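Student: Hey, can you walk me through this one? I've got it open and don't know where to start.
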2 protein chains.
Amino acid sequence: MINKNLNKLSEQYLFSEIGKIIKSRQNVINLSVGDVKLPLPSAVVEAGKKAAEELKYKQTFRGYPPETGYDFFKRAVISYYNCRGTIIDESEVFASDGIKSDMSLFLNVIEQGKVLLPSPCYPAYIDANILRGNELEFYDGFPPKAPDIIIICSPDNPTGRAMSRIELTEWVAYARKNNSLILYDAAYEAFITNDAPRSIYEIDGARECAVEFCSLSKTAGFTGVRCGYTIVPKECGLNAAWRRVKSCLSNGVSYITQRMAECALTEALSETMSNVKYYADNAAIMAEALSGAEFSGGQNSPYIWLKCGDSYKEFYKLLDEFGLGVTPGIGFGQGGEGYVRINAFCTRDDAVTAAERLKQYSSLR
Amino acid sequence: MINKNLNKLSEQYLFSEIGKIIKSRQNVINLSVGDVKLPLPSAVVEAGKKAAEELKYKQTFRGYPPETGYDFFKRAVISYYNCRGTIIDESEVFASDGIKSDMSLFLNVIEQGKVLLPSPCYPAYIDANILRGNELEFYDGFPPKAPDIIIICSPDNPTGRAMSRIELTEWVAYARKNNSLILYDAAYEAFITNDAPRSIYEIDGARECAVEFCSLSKTAGFTGVRCGYTIVPKECGLNAAWRRVKSCLSNGVSYITQRMAECALTEALSETMSNVKYYADNAAIMAEALSGAEFSGGQNSPYIWLKCGDSYKEFYKLLDEFGLGVTPGIGFGQGGEGYVRINAFCTRDDAVTAAERLKQYSSLR
């Protein structure tokens, strides 16, 4: 009776497993699961409290949210894109509770087929595609035979690389030529400070072939509040189908949550972005300590992807000898072997201490 | 590229479509989409505001929620079951944002196969199973050839019938004999006042063959807050698989939401239940006005399922001649033709006015 595809999944979800091991140790700085540490801006909390208060009175009570999100939320998302010169229509914005769930839901819109995934990659992509019955192929550059779906994450998790405008332009051209759909994970776009695109729609032609998933988890500290959004342009031909799938397989996003998200993307946007900068600075501090070592990320990204040798061995070494909890690269697939991922979602004090330890670790190699 | 199963779905999701037609009319009492009208109990709102406030400070900030729900939430659900003498273990409770999304997510745990659905039935069941690629069969009693999955909703949407202890015992025996899995939708259990089971686990043997889905939407007025739970007993053999699927395809439920739900099921439980009674009384008032007409529900349920003739014709008649927005039975599948569904999620004033109009409608037939 159990879905046979479940047997193809690794037994535990990576982050749950690693989290348990790290928690079992004392005095460890946890740089593994990318969970935010800074509290929410006051204005965002007040927006949530005000929305909750409205539910107390008959006159202002709200029931079912619109399936695709409240207009006020969509307008906030649109203004957030407009700041960067990207134009999105209200009908193209869909509220979600995060990327993991919405990307897996989105797979329902597309016929089963061949999916091209980065290697290494965020494990939830693999799981969702296995459960959907898709055929997986891992890439390093353009494959000769075109896939149906291409998953791109930029700035990338786990490697911390932000795709350049030229690279992304090539991917869009490749997808259009081959009639592939790009599922673009922009979870870390707010960390980009150079001229890399923050949205795939900065690339001409992307509206014809790409769906963009984004989340306030890392941008606005919403890992516990749960809000994200998916952009499905009219030109990609899937907007109506997604609307239909969304309305029959999901319940919409809480009113309180959407009001908090609206505030984070508008009134509290500068505070939101200064929190992003706090983590970006953490990454820079740790990256500096690793100068001389081979790594990617550390800028335009909250992640550092450090070359180190056997990834589980180095994970345990960093954990037990240096008091640092990181994520073994192998957890992101075979392509991640030989690396560990270090994330910068920690306090400044922890980043500074971790930098010292990383320097020591790195100098001993 | 588009999932071919999408072509098998009806073009619009029933409730969106009907909602638009009703909204286009003036001065209509909307008894169609079952959305709650009473505001939330003060204590529930205060619990939400307190939880939001905690997110403002470093010391009390919370990031990612546990994938299966917070322990405090699970304990609240368990106590809610315990009140009725049903014992559930913490490891068997999974927080969700509602039944529609969690039941469709749950289908990932089970191999594609034959699904037995009630006729008429809640359209989201049909859509989710079509998208999953399952083969649908509609039942009226036990089919000769056993299905892989059996969906039961009790008290039923749309017919308003609460399954008796004897009927449900027969279904459990049938499922166990045939190695079928029952997906039990208990969304309206709080409306039961007679001795019908409020949980399928009141039936011996159900823990071996049934998963129960429940929601606070109708019980606690949470259609806008979004919180539900799914019970997966250890004995059914799917607990670990569901835990795995849940962790890779979903993000967990907002901390604020779970605190509000905890309050609704514990501290504010009597107020929660008095709101349920308010709607149940609405149903009774309308049912009384229909005495002499042929209908089910109206007790142990917020729904009245009224036999009336051509369901779209009567929908428009009720809408345009009597100012009542109902749901045409055909929207719940072929088995619903000849009926309309009337829901009691309205104000008392509207219920009383609707009762007068229904009496008039009924007397003219």
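Student: How many bridges join strand S10 to strand S13 in chain B?
Tutor: There are 5, joining S10 (residues 303–307) to S13 (residues 339–343) of chain B, and the two run antiparallel. Strands here are DSSP runs of E, at least two residues, while helices are H or I runs of at least four, numbered from the N terminus. Two strands pair if DSSP finds at least two bridges between them.
Student: What stands opposite B:Lys307?
Tutor: That's B:Tyr339, in S13 of chain B.
Student: And what's the strand order in the open sheet?
Tutor: It goes S9-S10-S13-S12 in chain B, 4 strands with antiparallel pairing. S9 (295–297) and S12 (327–328) are the edge strands, each pairing on one side only.
Student: Any ground rules before we switch topic?
Tutor: This is a predicted model: local features need pLDDT of at least 70, side-chain atom pairs count only at pLDDT 80 or more, and totals for chains, interfaces and linings use all residues. Residues are numbered from 1 along each chain as written, chains are lettered from A and ligands numbered from 1 in the order written, and side-chain values use heavy atoms, leaving out hydrogens and water.
Student: OK, how much area do chains B and A bury?
Tutor: About 6,100 Å², 58% of it on carbon and sulfur atoms. Buried area is the accessible area (1.4 Å probe) that two parts lose on being put together, summed over both.
Student: How many salt bridges between them?
Tutor: The count is 8, where a side-chain nitrogen of Lys or Arg must be within 4 Å of a carboxyl oxygen of Asp or Glu. One salt bridge links the side chains of A:Arg244 and B:Asp127 (3.2 Å, N to O).
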